[in-house]
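Me: Please take a close look at one part of this predicted model, the site where the ligand is held, and describe it in one connected account.

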Amino acid sequence: MNPTITAFERSPDGGKGLARDTRVRWALEEVGQPYAVRLVSFRAMKEPAHLALHPFGQIPTYEEGGLVLFETGSIVFHIAQRHAGLLPIEPDARARAVTWMFAALSTVEPPILDLATARIFEADKPWAKDRLPLVEDRVRDRLKPLSARLGGADWLDGGFSAGDLMMVSVLLRARSSGLVDEFPNLAAYLARGEARPAYRRAFAAQLAINAPEPQAG
Ligand SMILES: N[C@@H](CCC(=O)N[C@@H](CS)C(=O)NCC(=O)O)C(=O)O
């Protein structure tokens, strides 16, 4: 049975691919697993039917037979465990790839989310100008060692893995700030991720919902 995921009926980013369903779509595309999408409005996300799937009333969710998952880390990990292609077979290499997934979500993403909050939701506050440079520096504090570790490699630990999928997805959220471009190898890493056919299919699928082609005539 094909899994069903949820996504925004209309994403606030207008189709830039930053909503987290893109990560799940990307993972499913990497392993060649077809999937269905159920679109939900902001109102529906907070109603009982969706809260039964996702206690925090968010997207994405993942349904497969009787299994219901939320949290992109858990969903991508589940997909990577069930299918070949996203995690190495060799146990130590697999553990390291999983470590990069956690690093992306728990070490790199939080300051990037703070930056988005500072730039979008707090920009009109009287203290915004003073706070923004502090938040930007906290993002740099993560990007700098990440850049040093990646060095001249294509991916974080050998071949492409779910760790890279998650790290690229997280970094994409920082790109519009210009901070990623301060580290050319990270900018190239993002471009490599975006160039993967599976990412392109995932991106196109979410774009088709959020910025559909105008109808001719
Ligand atoms: N930690 C969660 C975060 C989920 C999340 O923040 N989803 C956003 C969309 S990208 C959302 O549903 N926002 C609407 C809301 O929180 O009301 C995950 O990785 O899945």
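Reply: The ligand sits in the largest pocket of this predicted model. Around the ligand stand Phe8, Ala19, Arg20, Phe42, Met45, Lys46, Gln58, Ile59, Pro60, Glu71, Thr72 and Arg173, and by character this shell divides into six nonpolar, two polar and four charged residues.

Three of the side chains in this shell can be described through their distances to ligand atoms. Threonine 72 has an N or O atom in its side chain that is 2.6 Å from an oxygen atom of the ligand, while a polar side-chain atom of glutamate 71 lies 2.8 Å from a nitrogen atom of the ligand. For arginine 20, a polar side-chain atom is placed 3.1 Å from an oxygen atom of the ligand. Taken alone, the ligand would expose 510 Å², and the protein buries 79% of that area.

Two members of the shell also deserve attention for their backbone. Glutamate 71, whose side chain was described above in relation to a ligand nitrogen, has a positive phi of about 80 degrees although it is not a glycine. The residue is found in the loop between strand 4 (67-70) and helix 4 (72-82). With a relative accessible area of 41%, glutamate 71 counts as partly exposed, because this value falls between the limits of 20% for buried and 50% for exposed residues; that area is computed with the protein chains only.

The other backbone feature concerns isoleucine 59 and proline 60, both of which belong to the residues around the ligand. The peptide bond that leads from isoleucine 59 to proline 60 is cis, with omega near 0 degrees, and proline 60 lies in the loop between helix 3 (48-51) and strand 3 (61-64). Both features stand out against a general background, since most residues other than glycine have a negative phi, and most peptide bonds are trans.

Beyond the shell, a few details of helix 1 (residues 21-31) complete the view, beginning with alanine 27, which has its place in that helix. Alanine 27 is buried, with a relative accessible area of 0%, and its C-alpha is 7.0 Å from that of isoleucine 79, although the two residues are 52 apart in sequence. Arginine 25 is likewise placed in helix 1 and is buried, at a relative accessible area of 2%; its side chain makes a polar contact of 3.4 Å with the side chain of tyrosine 35.

Methods
Residues are numbered from 1 along each chain as its sequence is written. This is a predicted model: local features need pLDDT of at least 70, side-chain atom pairs count only at pLDDT 80 or more; totals for chains, interfaces and linings use all residues. Side-chain values use heavy atoms; hydrogens and water are left out. Helices (H or I, at least four residues) and strands (E, at least two) are DSSP runs, numbered from the N terminus. Buried means under 20% relative accessible area, exposed over 50%, partly exposed in between (1.4 Å probe, protein chains only). A residue is near a molecule or strand if one of its heavy atoms lies within 4 Å of it. A polar contact is a pair of N or O atoms within 3.5 Å; within protein, one must be able to donate a hydrogen and the other to accept it, and residues adjacent in sequence count only if both atoms are side-chain atoms. Accessible areas come from the Shrake-Rupley method with a 1.4 Å probe; for residues, only the protein chains shown count as cover. On a 1 Å grid over the protein atoms alone, a cavity is a set of points where a 1.4 Å probe fits but cannot get out, and a pocket is an open set with protein on both sides within 12 Å along at least five of seven lines; lining residues have an atom within 4 Å of a point. A molecule sits in a cavity or pocket if more than half of its atoms lie within 2 Å of its grid points. Ala, Val, Leu, Ile, Met, Phe, Trp, Tyr, Cys and Pro count as nonpolar, Asp, Glu, Lys and Arg as charged, and the others, Gly among them, as polar.
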